Amino acid sequence: MELPVGHTERVDIGGRHLNVWMAGDTGPVVLLVHGIPTNHRLWWDVVPAVQDRARVLAVDMLGYGSSDRPDGWD
């Protein structure tokens, strides 16, 4: 499914890869973290509304969305 704005990147954090939806180029950084059991798409309506005033990062936590699954997790 294509995002309404921005793009996703897999970011290496200590050997694990987190999927991060990035949008916006200027302003303060706004970090959006989903609840359980959702993913970055929880912020589908929020990111477009904020991205003109901030740099928005919506992260898939480990084990959710397109982020890596921790060892031993189904």
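**A buried aspartate, two cores and a cis proline**

D60 is buried, yet it forms no salt bridge. The nearest side chain of opposite charge belongs to R41, and it is 7.0 Å away. A salt bridge would need a distance within 4 Å. This comes from a predicted model.

Where does D60 lie? Its place is in the segment after β4. What does its side chain reach? The side chain of D60 reaches the backbone nitrogen of H40, at 2.6 Å. Other contacts surround this residue. Leaving aside neighbours within four places in sequence, D60 touches L18, N19, H34, N39 and H40. D60 is also in contact with G65, S66 and S67.

Now turn to the nonpolar residues. The largest nonpolar core has 9 residues in all. They are L3, V5, W21, A23, L32, W43, V47, V56 and A58. Two strands, β2 (16-23) and β4 (55-59), each supply at least two residues of this core. Another core lies apart from it. That one has 5 residues, including L18, V20, L57 and V59.

W43 belongs to the largest core. Which residues does W43 touch, not counting those up to four places away in sequence? They are W21, L32, V33, H34, P48 and A58. H34 thus appears twice: it touches W43, and it is in contact with D60.

One last stop is the backbone at P37. This residue sits in the loop between β3 (29-33) and α1 (46-50). The peptide bond joining I36 and P37 is cis. Its omega is about 5 degrees.

Technical notes
Residues numbered from 1 in each chain as written. Predicted model: local features only at pLDDT ≥ 70, side-chain atom pairs only at ≥ 80, totals over all residues. Heavy atoms only, no water. Core = buried A, V, L, I, M, F, W, Y, C linked by side-chain atoms within 4.5 Å. Buried < 20%, exposed > 50% of the residue type's maximum accessible area, 1.4 Å probe, protein only. Helix = DSSP H or I, 4+ residues; strand = E, 2+ residues; numbered from the N terminus. Contact = heavy atoms within 4.5 Å. Lys, Arg positive; Asp, Glu negative; His and termini not counted. Polar contact = N/O pair within 3.5 Å; in protein donor to acceptor, adjacent residues only side chain to side chain.
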